[in-house]
Structures are given as structure tokens and as C-alpha cells.
Amino acid sequence: MSLGSKLDEAKLCLKAGRVTLPYPVESPGTPEQFRGRPIFDASKCIGCAGCANNCPAREILVFDLCQEIRILKYLGLRCTYCGRCAEVCPEKAITMSRDFETATDHIGDLGQRLELFMSTCQRCGRCFKVPTVLEELKMKGYRFDDLRNDRWIFRSQSRLEGDPLVDDVEIDLD
Amino acid sequence: MLKNFCQKMFGRSLWVYHANSGGCNGCDIEVLNALTPYYDAERFGIKLVGSPRHADVMLCQGPAMRSTASALKRAYEAMPAPKLVFAIGSCACGGGMWFDCYPVIGPVEKIIPVNYYIPGCPPRPEAIIYGVAVALGLVDKKVAPVEFKELELPIPRYHPDELRGQGELVIYEKAEKV
Amino acid sequence: MPIMWRIAGGLANMGMVLLVAPFAQGVLRKITARIQSRQGPPLLQPYFDLLKLLGKEDIESGECPVMQQFAAYLSLAVVLTLACVLPMGFASPMNNAADVILLIYLLTLSGICTLLAGLAAGSTYSLLGTSREMMAMVALEPLFAIALVVGAVHTNSLRLDKVLNGSVYGAVGIPWSGVIMLAAMLLSFQAFVQRVPFDISEAETELMEGPLAEYSGPKLALFKYAQMGKLIIFGALFVALFAPWGAGLVFPLGWLLFWVKVFALVLLVTLVAATHARYRIDQAMRFFASLVGVAFVALILASYGF
């Protein structure tokens, strides 16, 4: 508590200089694995609602408008940025961005709403993934096998038109 | 004229009162961090005061609980106008993870009107300072609502209107989409 | 003619106190911040604070609103009256009208304003802060009074221009009483200006609200202004009593030298305030009691001519 010790203390503090970060002017980086606001990528989302089932704050709401259209609504107001939705998403459509500058004066600004078309099978009504071109070659949709000649016809395009794709076969439609 | 001048000074010196109505103290610690030398909030003129009567801004954290709701309302009414309320953390913004628990009434805005929301769990001290800067008008806010609608259906649907009869054949109109 | 000069001098003193007090507070906050390794508030921050407080709504709360208003006006009024009485670079404007006894009572009155403020508000925290302020005042006010009485004893007069002129060093030979009083005043100066380590009652808004808890808006602005003014007033009193060298210079130089000395004192207050922790009320009382004992020893020595 002597004067000398207090002066030493003041000198020690002054040696550190000024450590204040000039924050709003320059932004410091965020660490590598920082979990900020989740971003929903609608082009990858298949609408499985795994994120909605996993969210601890029940932040993601799911609504099926009809057989084919599903609305996923992320409210944003209660989100604790825990990252469970991103962990569970099978298509990696949710990324926890490194964005933390989310202050706003209207809480609805944080919401993200996706309206997705769920690809449903035309015959059985279940959802499926859009096939690639190679898979389409083997698609068993409408079948046009040749019953008269007992031949199996593979079609790369399912056309109900009259011209046969294969020259030697005449197709009869009823 | 003096009144105008005084009101312009409002943004240069904000006195802050900190009210925790039932939170976990995570956001308390981040608010305290914002006052430390590293993220110094005092350079904007912000000072922490101990009485709501001296304060301009109330920093609320924690959801509004049944037991502290009346105390929060009284602290809000004790503040002299003009006043602002900032809701810090996801518990104050929307109820957090506990929005449907038995002691929780909901977000703070069910009890007192909130002017600015700073979500996060807990928000970084930089996020809190960013929120204050948005309130002071120094920076613009960065978030906006996002909506996505799929307008083009990728799989064709054989709608009966699009099938045209031609004698014995049936022709599908939009064949190129198949 | 002399009366016009005196009135002008008094008004100039009041104006200087009103202008410089927030600036001194700003310097104090900035240096405290730099010692804490951070960029502090801008130097003109207390001016912004006061102006903002003037623009806020005035909520009437507490037990006796009339007394609260009276206490607010009284605090700033006492500070400005003290500014008229003290010599700030030139001779005291109230030389013929005031003497040392009035000065002692004005100093006590400035402390009583805070007590009035706390008691008029009447809430629990106010009363607690007021009781601590009362305890501190009882131990502190004798110190400055004894310093002035030592000066009066040395110069055998109660006139302001004789006493407030370094009169504590008036003894022949080594001025023991002067040196002892200087040490005692330096050690207790922080308590008079209500800074750490002795700001138990009022600036203790971090721990408890203190006597000013129920005040808002313009009344709070008056109290804060009075607090800032007290730093300058006590600094001026200290300089006049203990460090009057150079007061006889021609007008601009003497006046500037006076303000330089006051700012040096503000710097000393800042350094002590930034590197110390706050004392509890019982620790502080023991400290003050020992200082009062030492001051009495100095008084006895002075009355014997030492």
C-alpha cells in the first residue's frame, strides 16, 4: 500500500497500452467453429423436417399445404444457435454461418420461410428424389411392353405418341 | 431550443440499467464483458448505473417469469422518459428454450414494450455493441426476412387437360418437358 | 468601484467553476480509463451527460418532493457560493464580507445537502446511504476546520486574505503543524471529493444506489454538477491553504498558475482513485479517527507557536 507500489501498479497498467478493439469500425474475425445464425439452403432441402423434430426451442415449423407443397418456417426469435438442426440434416442444407451481427428492431426480420415442392410419385403418392438421367433410362413408369411380340421395350422418353422409337416394332395403344 | 439540444445529446451518453428477470446469467456475463477494456463500451458514453431512475436504457435478459413480472414492470415504469428497452439473448427476445415451461410467461415483450432485439445464446459482446450501434444509428442492420418459393415444378404432371386426342392416339402436349 | 470589481470577480469565479468542473471530471474519467488500458469516454463526456439529464422527464418520487427540489437547488447554490468566497487566482471577492467561520459553515452545508437529499427521498437504499454519509461527515468535517483554525491561530486573524494564504506554515523555524496538517489533508482529500477509496455513500451507485437513488432528470443533473464542482472547490481550498506560492504574480500568470495547480491536484486524485479499492465504512471510520487525532496534535502544536 505504499506510494511506490501504487506507482509501480500504475506503470504496469500503462505498459499494456490501449487494448480496446475498434469494434464497429473494424470487425475482428470469428473463430473457425463459431456457431452463428443458421442459414437454410432451399435448393438442397428435401423437406424431411428432421431439423424441426430436433430443435430444442421448437423454432422450425412445418406445414403441408397439399400433397406436394410443404412450408418450412424458421422463426428465429427463440433460436439458441445450438446447431442441432445442422447436425441432423441429411442433405447438409443448413449451415451455421459465422454471422453474429443480428440485432434488429423487428423480431420478424430473422425469419426464413421456405416453400418446397415435394416430389411425390404419381402412382403411389410417396416422396422420392428426382432421378438422374441415367436412372431415368430404367424408369418403370408407364410401360409400353410389346405384348403381341413378347418383347420388353425400354424407353428413354415416355411418350404417348404414335411414332415408334424402334423401327421394327409397331406399338398398339388402347 | 435547449430542449432540442438536450434531446440530441441523448445518443451521446446512454446510461444503462441492467435487469435480469430470471435468466441463466450467461447474457449478464456477456454484458459485463462489453464493459471491460477489450470491448470498451464506455467510449460511446455508456455507463452502468444502479438505479432505474437514473437510467435511459434497460437491458433485459432472461424470459419474463411469473415471479419477477411485476418487478420488471415496476422497474420499467420507474425509468424517466425518453427510454429504450433492449432485449438481450434469445430468452428475452422470444422466450428461449423455456418458452413453454411452467414458470415462464414468455418473452419480455409480453410485459414491457421492447425497442431492440439482440438474439444469441449468449450474444457475443461484439453483437451487443453492434446492437447498441444499430440503436444509435451508427451502422445499418443486416438481417432481413428470407423467403423461398419453388415456382417451377421439376416433374411433369399429366394433367387431363393437356392430353389431346387425335383419332386413336393420345398426344401429350408438353412432351419436351418429359 | 471596488464593489464592481468584487461582483465581477465573484461572477468570474462562478463561471469558471461551472465551465471547468465537468472538464475536470472528463479528464479524470479519461485518465482512469487509460490506466485501465482502455480507450475511455471522450473528454467532453460529462457535458453530454449533464445536458442529457436536463432533457429527461422529472419523475416525482420519494417521500417529500418539495424538500427534494430544495435539496437539489441548495447543493448547486452552496457550491457556487463557495466559488465566490474562495480566492481562485486573485484575491477572494468576498474579502470584506466573509471570514473563516463562514467558510467552515459553508463547507459543512455542502455536505448536509447530500444528507437532505437522501432523507427527503426516504426509500430504503437512500436512508442506508444517508446514514453512511452522516458517519463519514462526522469524522471528516473537523479536518478542514482544524486546518483553517491552525491557519487562523498562526496569523491571529480570521480574515480570508490572511488565512487562505499558506498560513499553516506560519510558525517560525520548521512549521511542524503545517507539515502535519498537509500530510493529514493529503491523506483525507479523497474523502472530501467523494472518490475511491472513500466514496462509501454517494458514488457507490455500483454497490447500492445511495442517497441519490430517487432522483431523475434535472434534479439529478444539479446534484451531479454540484459533485463535480466540489472537486474544483476543494482543490482550490487546498491550493490556497497549502500551496499558495506564486499567487502574488500579475493577473494572467497567477490565475493560470492557480488552475495548473488545481489540475495537478485532480491528476493526483485520479491516480489514487484508479489504483485503490473502496474502503468499508468501519475501516474508513478508523482511518478518519486516527487522522483527526493527528490533526488535534497539530492544533496543539500551533497554539504553542510551533
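A nonpolar core is understood here as a set of buried Ala, Val, Leu, Ile, Met, Phe, Trp, Tyr and Cys residues joined through C-beta atoms within 7 Å. In this predicted model, the largest such core holds 92 residues, and A147(C) and I233(C) touch the most other members. Helix α8 of chain C, residues 218-242, gives the most to this core, with 18 residues. A second core lies apart from the largest one; it has 63 residues, among them F86(B), I112(B), I118(B) and A133(B). Leaving aside residues up to four places away in sequence, A147(C) touches V168(C), M181(C), M185(C) and L241(C).

Chain C may be followed further through α8(C) and its partner α9(C), the helix of residues 251-275. The axes of the two helices come within 9 Å and cross at roughly 115 degrees. Because angles of 65 to 115 degrees count as roughly perpendicular, α8(C) is roughly perpendicular to α9(C). The crossing in which α8(C) passes α9(C) is right-handed. On the side of α8(C), the residues that take part are L231(C), I232(C), G235(C), A236(C), F238(C) and V239(C). They meet F258(C), K261(C), V262(C), L265(C) and V266(C) in α9(C). The spacing of such positions may be read against the helical repeat: an α-helix has 3.6 residues a turn, so residues three or four places apart point the same way.

Helix α8(C) also has a part in the surroundings of α2(C), the helix of residues 45-54. Eight of the 10 residues of α2(C) are buried, so this helix is largely enclosed by the rest of the structure. The buried positions are Q45(C), P46(C), F48(C), D49(C), L50(C), L51(C), K52(C) and L53(C). They pack against α1 (2-35) and α8 of chain C, and also against α1 (2-8) of chain B.

Chain B contains an open sheet of five strands, in the order β2-β1-β3-β5-β7 and with parallel pairing. Its edges are formed by β2 (47-48) and β7 (116-118), each of which pairs on one side only. Within the sheet, β1(B), residues 15-20, and β3(B), residues 57-61, run parallel and are joined by five bridges. A19(B) stands opposite C60(B) in β3(B). Helix α2(B), residues 26-34, packs on the sheet and touches β1, β3 and β5 (84-88) of chain B. The direction of α2(B) makes about 140 degrees with that of β3(B).

The edge strand β7(B) includes Y117(B). This residue counts as buried because it has 28 C-beta neighbours inside 10 Å, where 20 or more suffice. Beyond residues up to four places away in sequence, Y117(B) touches A87(B) and C93(B) as well as A103(A), T104(A) and I107(A). Y117(B) and K149(B) are 32 residues apart in sequence, and their C-alpha atoms are 28 Å apart in space.

The contacts of Y117(B) with residues of chain A lead to that chain. Chain A has four helices and five strands, and its elements run α-β-α-β-β-α-β-β-α from the N terminus on. Of its 174 residues, 17% are buried. Among the contacts in chain A with a separation of 6 or more, 59% are between residues 24 or more positions apart.

Note on methods: Residues numbered from 1 in each chain as written. Chains lettered and ligands numbered in written order. Predicted model: local features only at pLDDT ≥ 70, side-chain atom pairs only at ≥ 80, totals over all residues. Buried ≥ 20, exposed ≤ 12 C-beta atoms within 10 Å, placed from the backbone. Contact = placed C-beta atoms within 7 Å. Pairing = 2+ DSSP bridges. Axes fitted to C-alpha atoms, helices over the stretch in contact; angles between N-to-C directions. Parallel < 35°, antiparallel > 145°, perpendicular 65-115°, else oblique. Left-handed = near helix turned anticlockwise from the far one by under 90°.
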